[in-house]
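Hi,

Here is the structure I said I would pass on to you. Have a look at it, then read on for what turned up.

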Amino acid sequence: MEQSDNYWPGKRFGLPEEGPRSTPGWNRRIAGIIIDWVLALGLSALFFGFNNLSILGVFVLLHIIGGLLAAGSPGHLLMKIRIAPIAGGRLGILAPVVRPLLIALVIPALMSDDDRRGAHDRLVGTILVTR
């Protein structure tokens, strides 16, 4: 999709360029995922003996529970971003459950578009926005 000079991420969805409900920059997104990964490492070490599969499982579980309860993982919440449905309204159940499973595959999260949406967001109809 070719964009004009006055395009910003989220514009085609009616999101503002800056401020609440705008799409967050990569720095906040990466910081959020690092926070979640460190938390998953710590919980895995504490409860599962630092098992590699348990780290990924805890990471996914943090995203599912956070998505269902607060529209964002602990890292999202600390970085003041949340998951929002493109269609508006409530997030529902499907996106908070499927989205983290796709993130765990890594590749969908790396396939980003002009609106900073990875394939995991496009497949479940969501976008990250600032709080």
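Below are my notes on the pocket, a surface patch, the salt bridges and two backbone oddities.

One thing before you start: this is a predicted model.

Let's begin with the pocket. The largest pocket holds about 450 Å³ of space. Its lining is made up of 24 residues, and those closest to the centre are Arg29, Ile33, Ile103, Ala109 and His120. If you want to find the walls by element, look at H1, helix H2 (52-70), helix H4 (94-104), helix H5 (107-110) and helix H6 (119-124), which each give two or more residues to the lining. H1 supplies the largest share, with 6 residues. As for chemistry, the lining of this largest pocket has 13 nonpolar, 5 polar and 6 charged residues.

Ile33 is worth a second look. You will find Ile33 in helix H1, which covers residues 26-48. Besides sitting among the residues closest to the pocket centre, Ile33 belongs to a nonpolar patch on the surface, together with Trp26, Ile30, Ile34 and Val38. Taken together, the five patch residues have about 470 Å² of accessible area. Is Ile33 itself buried or exposed? Neither label fits: Ile33 counts as partly exposed because its relative accessibility is 39%, and partly exposed is the range between under 20% for buried and over 50% for exposed.

Next, the charges. Side chains of opposite charge can pair when their charged atoms come close. In this model there are 4 salt bridges.

The first one I'd show you joins the side chains of Arg12 and Asp113, at 3.7 Å from N to O. Arg12 sits in the segment before H1 and Asp113 in the loop between H5 and H6, so this salt bridge ties together parts that are 101 residues apart in sequence. Arg12 is partly exposed, at 41% relative accessibility. Asp113 also meets the side chain of Arg122 in a salt bridge, here at 3.8 Å, N to O. Arg122 is partly exposed too, with a relative accessible area of 34%. Which residues make up the wider network of salt bridges? Arg12, Asp113, Asp115 and Arg122 are the ones linked in it.

Another pair to pick out is Arg99 and Asp121, whose side chains form a salt bridge at 2.6 Å, N to O. Arg99 is in helix H4 and Asp121 in helix H6, so to speak two distant parts of the chain, 22 residues apart, that the pair links. Where do these two side chains stand on burial? Arg99 is buried, with a relative accessible area of 2%, and Asp121 is buried as well, with 1%.Last, the backbone oddities. Ala71 has a positive phi of about 60° although it is not a glycine. Ala71 lies in the loop between H2 and helix H3 (74-78), and it is buried, with a relative accessible area of 17%. Arg116, also not a glycine, has a positive phi of about 65°. Arg116 is found in the loop between H5 and H6 and is partly exposed, with a relative accessible area of 22%.

Happy browsing!

Technical notes: Residues are numbered from 1 along each chain as its sequence is written. This is a predicted model: local features need pLDDT of at least 70, side-chain atom pairs count only at pLDDT 80 or more; totals for chains, interfaces and linings use all residues. Side-chain values use heavy atoms; hydrogens and water are left out. Patches are made of residues with over 30% relative accessible area and no salt bridge: like charges are joined within 9 Å, nonpolar side chains (Val, Leu, Ile, Met, Phe, Trp, Tyr) within 5 Å. Accessible areas come from the Shrake-Rupley method with a 1.4 Å probe; for residues, only the protein chains shown count as cover. Helices (H or I, at least four residues) and strands (E, at least two) are DSSP runs, numbered from the N terminus. Buried means under 20% relative accessible area, exposed over 50%, partly exposed in between (1.4 Å probe, protein chains only). On a 1 Å grid over the protein atoms alone, a cavity is a set of points where a 1.4 Å probe fits but cannot get out, and a pocket is an open set with protein on both sides within 12 Å along at least five of seven lines; lining residues have an atom within 4 Å of a point. Grid points are joined across faces, edges and corners, and a volume is the space filled by probe spheres set on the points. Ala, Val, Leu, Ile, Met, Phe, Trp, Tyr, Cys and Pro count as nonpolar, Asp, Glu, Lys and Arg as charged, and the others, Gly among them, as polar.
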